[in-house]
Amino acid sequence: MNTLLSAGEIAHLHLLLNHFPTIGSICGLGLLLMAYLRQEDGLKKVSLEAFFLIGLATLPLYLTGHGADEALKNAAGVDHNAIAVHRLLSQPDLFCGDRR
């Protein structure tokens with residue numbers, strides 16, 4: 001069966017995409033804080049648009065997670081319980097942004 005990406009490449013893509021929401025949220029928060037301090041409505045809109053784009057970036061991150069899980073299924077030295085917890089904790093973040 002031909003696939004676009006191998007399991008290892010999907011795992012690497014997952015790790016690469018994993019940084020965008022974290023770093024993007026910090027940058028978006030900094031922009032939003034600066035917008036409120038400067039009282040600039042245009043900058044507020046830009047920061048909210050950044051949060052929207054960061055939210056969109058979580059979808060491919062979530063979708064590549066299963067492939068990354070499959071790539072590590074038979075790997076030695078991998079804590080599969082930690083992967084299962086990671087998967088369970090990612091689902092509420094994707095759909096509602098709250099882990100409680």
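**Exercise 1. Which helix of the chain has the lowest mean pLDDT, and which the highest?**

Solution. Keep in mind that this is a predicted model.
- Start with the whole chain: its average pLDDT is 82, and 86% of the residues reach at least 70.
- Now go element by element: helix α4 (residues 80–95) comes lowest with a mean of 75, while helix α2 (residues 19–38) comes highest with 92.
- A word of caution: coordinates shouldn't be read in detail where pLDDT is low.

**Exercise 2. Check the end-to-end span of helix α3, then look for a kink**.

Solution.
- Helix α3 covers residues 41–71, which is 31 residues.
- With 1.5 Å a residue, the expected span is 45 Å.
- The C-alpha atoms at its ends sit 46 Å apart, so the two values agree.
- There is still a kink in α3: about 25°, centred on Gly65.

**Exercise 3. Find the salt bridge and place it on its helix**.

Solution.
- The count comes to one salt bridge.
- Its partners are the side chains of Asp41 and Lys44, at 3.6 Å from N to O.
- Both residues belong to helix α3 and are three residues apart, about one turn.
- An α-helix has 3.6 residues a turn, so positions three or four apart point the same way.
- Lys44 is also among the buried residues of α3, as are Leu43 and Ile54.

**Exercise 4. Is Leu16 buried or exposed?**

Solution.
- Leu16 lies in helix α1 (residues 7–17).
- Its relative accessibility is 53%, and the cut-off for exposed is over 50%, so Leu16 counts as exposed.
- Leu16 joins Leu5, Leu13 and Phe20 in a nonpolar surface patch of about 360 Å².

Conventions
Residues are numbered from 1 along each chain as its sequence is written. This is a predicted model: local features need pLDDT of at least 70, side-chain atom pairs count only at pLDDT 80 or more; totals for chains, interfaces and linings use all residues. Side-chain values use heavy atoms; hydrogens and water are left out. Helices (H or I, at least four residues) and strands (E, at least two) are DSSP runs, numbered from the N terminus. The expected span of a helix is 1.5 Å times one less than its number of residues. The bend at a residue is the angle between axes fitted to the seven residues ending there and the seven starting there. Buried means under 20% relative accessible area, exposed over 50%, partly exposed in between (1.4 Å probe, protein chains only). Patches are made of residues with over 30% relative accessible area and no salt bridge: like charges are joined within 9 Å, nonpolar side chains (Val, Leu, Ile, Met, Phe, Trp, Tyr) within 5 Å. Accessible areas come from the Shrake-Rupley method with a 1.4 Å probe; for residues, only the protein chains shown count as cover. A salt bridge is a side-chain nitrogen of Lys or Arg within 4 Å of a carboxyl oxygen of Asp or Glu. pLDDT is the predictor's confidence in each residue, from 0 to 100.
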